[in-house]
Amino acid sequence: MAIFGNFKGTTQSDFKIGKSTGNKLSTGTQPSSDLSAGDLFLDSSNSTVKVYNGSSWQNIGSTLPELNVDSGTLFVDSSNDTVSVGSTSSNEKLFVNGNLRLGTNPSLQFGGAYLDVRHSNGSATQLRVRDNSSGSDPIFKVYNANNSAEVFKVEGSTTTINNAYALPTADGSANQVLKTDGSGTLSFAAVSVDPAGSNTQIQFNDGSSFGADASLTFDKATDTLQSGIVKGVLFDPITDYGSIATTANMIIDYGSVASAVTTSAMGDFEYINEVFGPVGDSYVVSALPSATQPGQMIYVSNETGGSVMAFSDGSNWRRITDRAVVS
């Protein structure tokens, strides 16, 4: 230490710099007399600097309205409770004007439900993970709740989900779907439709094992079920409430069908009659079927009054002409 000028020792135990009429810098024991506002005391017991404010000693940090180190290298604004690095103006609690470098394996934590990352001046927000000139692909990972497994990972152009499924690196063609090979590789592929159909159809194809036919198609536009061969349809007996019963009635309506002979639509009876000829249930009086089921219709060829159509009422067969019992 170099001292320019006169140096005069005293008998006081404390070390002080300054005249008796100016501010003083003290060490050792905190002064309690001969004090002026602005005096400083270096408290070695707790490594603090105190300033005398005219009535009491205060930590220097609580009395400074601002702290400006090296013209903005570090700036503390006590009126706004902000700290700036590389700037003397900020509206944020901590503002770093320049690059920020963290140490080895740092942790960024926050309170509340979410962490917002947004542009400060209203421009579009861009969050980028970039190579540090090492020539290696950057890696972005998201872990599960227990941090025991990766649920999402981006490494270069490869995106992996649940550490098992690698997404394609390029888009597929229009109307393709994403499929897996069962081993974690996903790719775009066209939907295989056989036979080909429109978007109003629901199709089923099981490779020729569905009733000896390869396909079954329901066409919503015409409300029809189409198949090359339908061997059989089984209907379980049900009641109105959906419970299994011993018997069940089934009504089949073929609807209107186009005839090869006529251009107009016709019903099922006319169609069958045209294709197969006259058909029906014909009986003689001595061999009438049971009339227990009401509503049946038969043709009686040798009725007393001549051949006639008859119906069952649950007990007897009656002529449709006059409701008389067939005889």
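Analyst: Let's fix one term before anything else: a residue is buried if its relative accessible area is under 20%. By that cut-off, 13% of the 327 residues of the chain count as buried. Keep in mind that this is a predicted model.

User: Okay, so what makes Asn 105 exposed?

Analyst: The label exposed needs over 50% relative accessible area. Asn 105 comes out at 74%, so it's exposed. You'll find Asn 105 in the loop between β9 (94-96) and β10.

User: And what about the phi of Asn 105, which is not a glycine?

Analyst: The phi of Asn 105 is positive, about 45°. Why flag that? Because most residues other than glycine have a negative phi.

User: Which other residue, not a glycine, has a positive phi near 65°?

Analyst: That's Arg 323. Arg 323 sits in the segment after β24 (317-319).

User: Why does Arg 323 count as exposed?

Analyst: Set its value against the cut-off: exposed is over 50%. Arg 323 has 53% relative accessibility, so it counts as exposed.

User: Is Thr 321 buried or exposed, and how do you know?

Analyst: Again the bar is over 50%, and Thr 321 has a relative accessible area of 60%, so exposed is the word. Thr 321 is in the segment after β24 as well. Its C-alpha atom is 7.9 Å from that of Val 308, and the two residues are 13 apart along the chain.

User: How do you know that β10 and β11 pair?

Analyst: Two strands pair if there are at least two bridges between them. Strands β10 (residues 139-143) and β11 (residues 150-155) have five, in the antiparallel sense. In that pairing, Phe 140 stands opposite Val 154 of β11. The hairpin they make has six residues between the strands, and Asn 147 there has a positive phi near 55°.

User: What joins β11 to strand β12?

Analyst: Four bridges join β11 to β12 (residues 158-161). With at least two needed, that passes as a pair, and the two strands run antiparallel. Phe 152 stands opposite Ile 161 in β12. Two residues lie between β11 and β12 in their hairpin, where Gly 156 in the turn has a positive phi of about 65°.

User: What makes β14 and β15 a pair?

Analyst: Same kind of test: at least two bridges. β14 (residues 177-180) and β15 (residues 186-189) are linked by four bridges and are antiparallel. Leu 178 stands opposite Phe 188 in β15. This hairpin has five residues between its strands, and Gly 182 takes a positive phi near 90°. For the wider picture, the chain has two helices and 24 strands.

User: What share of the contacts in the chain with a separation of 6 or more is between residues 24 or more positions apart?

Analyst: Contact means heavy atoms within 4.5 Å, and residues 24 or more positions apart account for 4% of the contacts with a separation of 6 or more.

User: How does the lining of the largest pocket split by class?

Analyst: There are 11 nonpolar, three polar and one charged residues. Leu and Val both count as nonpolar, and the residues nearest the centre of the pocket are Leu 100, Leu 102, Leu 108, Leu 115 and Val 117. The largest pocket has a volume of about 890 Å³.

User: How much accessible surface does the chain have, and what part belongs to carbon and sulfur atoms?

Analyst: About 25400 Å², with 51% belonging to carbon and sulfur atoms.

Key:
Residues are numbered from 1 along each chain as its sequence is written. This is a predicted model: local features need pLDDT of at least 70, side-chain atom pairs count only at pLDDT 80 or more; totals for chains, interfaces and linings use all residues. Side-chain values use heavy atoms; hydrogens and water are left out. Buried means under 20% relative accessible area, exposed over 50%, partly exposed in between (1.4 Å probe, protein chains only). Accessible areas come from the Shrake-Rupley method with a 1.4 Å probe; for residues, only the protein chains shown count as cover. On a 1 Å grid over the protein atoms alone, a cavity is a set of points where a 1.4 Å probe fits but cannot get out, and a pocket is an open set with protein on both sides within 12 Å along at least five of seven lines; lining residues have an atom within 4 Å of a point. Grid points are joined across faces, edges and corners, and a volume is the space filled by probe spheres set on the points.
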